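Please read the following walk through one protein chain with the model open alongside. The text moves from the packed interior to a pocket and then to individual residues and ring pairs.

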Amino acid sequence: MTTIAFIGGGNMASAIIGGLLKSGRAPGDILVLEPNADQRSRLQRELQVITLEAPGSVLQRADTVVWAIKPQSFKAAAEANLPHIGKALQFSVMAGIRSDDMAKALGTERIVRSMPNTPALIGQGITGLYARPAVTARERKEVERMLASTGRTLWVNAEHDLDAVTAMSGSGPAYVFYFVEAMMEAAVEMGLTEEQGKTLALATFQGASALALASPETPAVLRERVTSKGGTTYAALTSMEGSGVKPAIVKALKAAQRRAAELGDEFGR
């Protein structure tokens with residue numbers, strides 16, 4: 001069994017580690033470098049993995065290194081860890097750090113960049129993936145196996161497409177929560193309780209998403225089937241169209257995509 005080292009032991013790292021352990025990975029095959037004492041204690045107590053306060057030679061055991069730290073900490077962390085991790089596949093869950101910049105800092109072309117989202121914490125996420133050409137097919141499969149318990153994966157062929165993935169699914173859960181907030185507010189104004197509004201909104205999103213996943217029809221066709229001209233759904237959608245909701249959503253996602261690209265420029269300086 002291969003050894004995986006995590007640089008950073010926060011929520012996303014913990015989600016991946018938890019999945020690895022559930023799939024049968026031994027805690028002794030997982031190393032976590034985490035300077036924060038409270039976080040190290042939690043990892044040891046809850047997951048029983050090997051934790052490190054500072055970089056050390058034990059990291060040389062790692063076949064894969066997962067970078068799960070804040071982007072602004074990457075350059076200093078790369079310099080400190082480089083003597084111990086040069087032979088490993090490098091896998092990043094850091095937003096905004098491009099693989100070119102990782103390659104320069106780490107002296108390797110074997111890099112996979114990812115963009116996960118927060119539902120990965122409960123095994124319902126989707127992670128966008130980009131591999132540099134030096135990454136082998138076998139290593140791609142290893143990455144997929146590592147992430148299997150966090151949800152689905154989607155490979156892109158061009159790294160800049162990860163900016164669109166960030167806008168779509170990386171930031172996407174917040175859009176859903178925003179819409180749910182609006183539905184809860186409407187529920188209260190229509191005489192229901194906030195809790196009733198939350199229950200109805202979340203069940204509706206869950207059910208509609210499941211139906212869209214199970215159906216061969218497009219979302220547009222499914223929407224049309226719910227919409228009878230002159231009915232309640234028609235009234236709601238006509239109001240949304242009049243308010244420009246759809247173009248506003250498209251504009252918002254493009255704003256997120258632009259910001260993702262800007263962050264790559266900033267962290268690459």
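What follows describes the nonpolar cores, one pocket, two buried residues, one helix and the aromatic pairs. The model is a predicted one.

A good place to begin is the largest nonpolar core, which has 25 residues. Within this core, Phe6, Phe91 and Val112 touch the most other members. Several elements each give two or more residues to the core: the strands are E1 (4-7), E2 (30-33), E5 (89-92) and E7 (125-131), and the helices are H1 (11-22), H2 (37-47) and H5 (137-147). The largest contribution to this core, five residues, is that of H1.

Val112 shows what such a position looks like from the inside. Setting aside neighbours within four places in sequence, Val112 is in contact with Leu89, Gln90, Phe91 and Ser92, with Leu129, Tyr130 and Ala131, and also with Val135, Val143 and Trp155. Apart from the largest core there is a second, separate core of 21 residues, and Ala77, Ile85, Ala88 and Leu106 are among its members.

Ser92, one of the contacts of Val112, belongs to strand E5. The relative accessible area of Ser92 is 0%, so this residue counts as buried. Not counting residues up to four places away in sequence, Ser92 touches Trp67, Met102, Val112, Arg113 and Ser114.

From Ser92 the path leads on to Met102, which lies in helix H4 (residues 99-106). Met102 is also at 0% relative accessible area and is therefore buried. Beyond residues up to four places away in sequence, Met102 touches Trp67, Phe74, Gln90, Ser92, Met94, Ile97, Gly107 and Ile111. Gln39, in contrast, is 63 residues from Met102 in sequence and 25 Å from it in space, C-alpha to C-alpha.

Two of the residues that Met102 touches, Trp67 and Phe74, lead to the aromatic rings. How many aromatic pairs does a search of the whole structure find? The search finds two. Trp67 and Phe74 form an edge-to-face pair, with 5.1 Å from centre to centre and 80 degrees between the planes. Trp67 and Phe74 are both buried. The other pair is Phe179 and Phe205, whose ring centres are 5.8 Å apart and whose planes stand at 75 degrees, so this pair too is edge-to-face. Phe179 lies in helix H7 and Phe205 in helix H8 (residues 194-214), 26 residues apart, and the pair thus links distant parts of the chain. Phe179 has a relative accessibility of 36% and therefore counts as partly exposed. Phe205 is partly exposed as well, because its relative accessible area is 25%.

The second largest pocket holds about 390 Å³ of space. Its lining is made up of 22 residues, and Val93, Met94, Ala95, Met115 and Pro116 lie nearest the centre. Two or more lining residues come from each of H1, strand E6 (111-115), helix H6 (161-170) and helix H11 (245-267). H11 gives the most, with five residues. By type, the lining divides into 13 nonpolar, six polar and three charged residues.

Helix H6, one of the elements in that lining, also has a buried side. The buried residues in H6 are Leu162, Asp163, Val165, Thr166, Ala167 and Ser169. What covers these buried residues includes E6, E7, helix H7 (172-189) and H11.

Note on methods
Residues are numbered from 1 along each chain as its sequence is written. This is a predicted model: local features need pLDDT of at least 70, side-chain atom pairs count only at pLDDT 80 or more; totals for chains, interfaces and linings use all residues. Side-chain values use heavy atoms; hydrogens and water are left out. A nonpolar core is a set of buried Ala, Val, Leu, Ile, Met, Phe, Trp, Tyr and Cys residues joined through side-chain atoms within 4.5 Å. Buried means under 20% relative accessible area, exposed over 50%, partly exposed in between (1.4 Å probe, protein chains only). Helices (H or I, at least four residues) and strands (E, at least two) are DSSP runs, numbered from the N terminus. Contact means heavy atoms within 4.5 Å. On a 1 Å grid over the protein atoms alone, a cavity is a set of points where a 1.4 Å probe fits but cannot get out, and a pocket is an open set with protein on both sides within 12 Å along at least five of seven lines; lining residues have an atom within 4 Å of a point. Grid points are joined across faces, edges and corners, and a volume is the space filled by probe spheres set on the points. Ala, Val, Leu, Ile, Met, Phe, Trp, Tyr, Cys and Pro count as nonpolar, Asp, Glu, Lys and Arg as charged, and the others, Gly among them, as polar. Rings of Phe, Tyr and Trp (its six-membered ring) pair if their centres lie within 6.5 Å; planes under 30 degrees apart count as stacked, over 60 as edge-to-face and the rest as tilted.
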